[in-house]
Amino acid sequence: QAYYDNLGKELNELKEIDYERVNQGKIAFTREIFAQEGDKVVASKDFKEFVERNADWLTPYAAFCVLRDKFQTPDFMNWNEYANYDEKKVAKFVKENEYEINYVYYIQYNLDKQMRHVRDYAHSKGVVLKGDIPIGVAPNGVDVWCDSEQFNLSVSAGAPPDMFSADGQNWGFPTYNWQVMASDGYSWWRRRLQYMSHFFDAYRIDHILGFFRIWEIPRTAQSGLLGSFSPNTP
């Protein structure tokens, strides 16, 4: 405990945040706690219910995290037999890596409890919470790994040149394949919003204009100059 108290004091006194050391410290700390109390928590009814209730997103996410660390890259195209998401292969991987999978479950379980506590405390004081939802997802993230057909992976979203940026902007994340999303009633977005509703009373969707029209840039381009609007009608 003294080691982490001193580490926290040292990091808090820095003039600039050392994100890498902060993350490494938090991971090391939570792993020590999990090693001490993990078996007891994992065996609890509350934990089991949390995992079962959220299995549709939690299990793929945990597998993604463990595979990312195993191959030391989030670029799943370098994950050999796991490059393309396969539910049966992932289920087998989860069983074979139970300890590491449960560590990820444990982190998410506690984050869920903490967020619900914050929500309940805010409500008890007459405060409502508004959550921020970015419109995009990382190209090397679990969403694209599991549901690649939902995204246009040959392009990146961004913004056209303007008075603030002569080259435009390239945000680096794929755009949505709205035709595919429409075919199942936009279930990906509905699941995302439904889960966020557990914690927030209202949403702010960053760049909500992207639901109607977005600047698409070829994946090979660096700046936003080579982009065009999609759809390209006024």
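Q: Let's start with a helix. How many residues apart are Glu96 and Lys92 in helix α5, and what is that in helical turns?
A: Glu96 and Lys92 sit 4 residues apart in helix α5 (residues 87-96), which means about one helical turn lies between them. Bear in mind that this is a predicted model.

Q: What do the side chains of Glu96 and Lys92 do?
A: The general idea goes like this: side chains of opposite charge can pair when their charged atoms come close. Here, Glu96 and Lys92 meet in a salt bridge, at 2.5 Å from N to O. As for its surroundings, Lys92 is exposed, with a relative accessible area of 52%. Elsewhere, salt bridges that share partners tie Asp132, Arg204 and Asp206 into one network.

Q: How many salt bridges does the structure hold?
A: The count is 10 salt bridges. One of them links Lys45 to Glu49, with the closest N and O atoms 4.0 Å apart. Both of these residues belong to helix α3 (residues 45-53), and they are 4 residues apart, about one turn of the helix. Lys45 counts as exposed at 63% relative accessibility, while Glu49 is partly exposed at 37%. Another of the salt bridges pairs Lys9 with Glu13, where the closest N and O atoms are 2.8 Å apart.

Q: Are Lys9 and Glu13 buried or exposed?
A: Both Lys9 and Glu13 are exposed.

Q: On to sheets. In what order do the strands of the open sheet run?
A: Read across the sheet, the order is β4-β3-β7-β8, 4 strands with antiparallel pairing. The edges are taken by β4 (169-170) and β8 (228-230), each of which has a single partner strand, so one side of each has no neighbour in the sheet.

Q: How many bridges hold each pair of strands together?
A: Let's walk across from one edge. β3 and β4 pair in the antiparallel sense over 2 bridges, and Gly158 has Asn170 in β4 as its bridge partner. Next, β3 is joined to β7 by 4 bridges, again antiparallel, with Val155 standing opposite Pro218 in β7. Last, 3 bridges join β7 to β8, and those strands also run antiparallel. In that pairing, Glu216 stands opposite Ser228 in β8.

Q: Which residues of β3 are on each side, and are they buried or exposed?
A: First the general point: in a regular strand the side chains alternate between the two faces of the sheet. In β3, Val155, Ala157 and Ala159 are on one side, Ser156 and Gly158 are on the other, and all of them are buried. Put as a tally for the strand (residues 155-159), 5 of its 5 residues are buried.

Q: Now the cysteines. How many disulfides are there?
A: A disulfide is a covalent bond between the sulfur atoms of two cysteines. In this model the count is 0.

Q: Why is there no bond between Cys65 and Cys146?
A: Check the distance against the cut-off: two cysteine sulfurs count as a disulfide within 2.5 Å. The sulfur of Cys65 has its closest cysteine sulfur in Cys146, 11 Å away, so the gap is too far for a bond. Starting from Cys146 gives the matching result, because its closest cysteine sulfur is the one in Cys65, at 11 Å. Cys65 is also buried, with a relative accessible area of 5%.

Q: Which residues make the nonpolar surface patch?
A: Ile208, Leu209 and Phe212 make a patch of about 340 Å². Phe212 is placed in the loop between β6 (202-206) and β7 (214-218). Its relative accessible area is 60%, so Phe212 counts as exposed.

Q: Stepping back, how many helices and strands are there in the protein?
A: The protein has 9 helices and 8 strands. Its C-alpha trace spans about 60 × 45 × 40 Å along the principal axes.

Q: What share of the residues is buried, and what supplies the exposed area?
A: Of the 234 residues in the protein, 34% are buried. The protein exposes about 15,000 Å², and carbon and sulfur atoms supply 54% of that.

Q: What share of the contacts joins residues at least 24 apart?
A: Take the contacts between residues at least 6 apart in sequence: 66% of them join residues at least 24 apart.

Key: Residues are numbered from 1 along each chain as its sequence is written. This is a predicted model: local features need pLDDT of at least 70, side-chain atom pairs count only at pLDDT 80 or more; totals for chains, interfaces and linings use all residues. Side-chain values use heavy atoms; hydrogens and water are left out. Buried means under 20% relative accessible area, exposed over 50%, partly exposed in between (1.4 Å probe, protein chains only). Patches are made of residues with over 30% relative accessible area and no salt bridge: like charges are joined within 9 Å, nonpolar side chains (Val, Leu, Ile, Met, Phe, Trp, Tyr) within 5 Å. Accessible areas come from the Shrake-Rupley method with a 1.4 Å probe; for residues, only the protein chains shown count as cover. Two strands pair if DSSP finds at least two bridges between them. Contact means heavy atoms within 4.5 Å.
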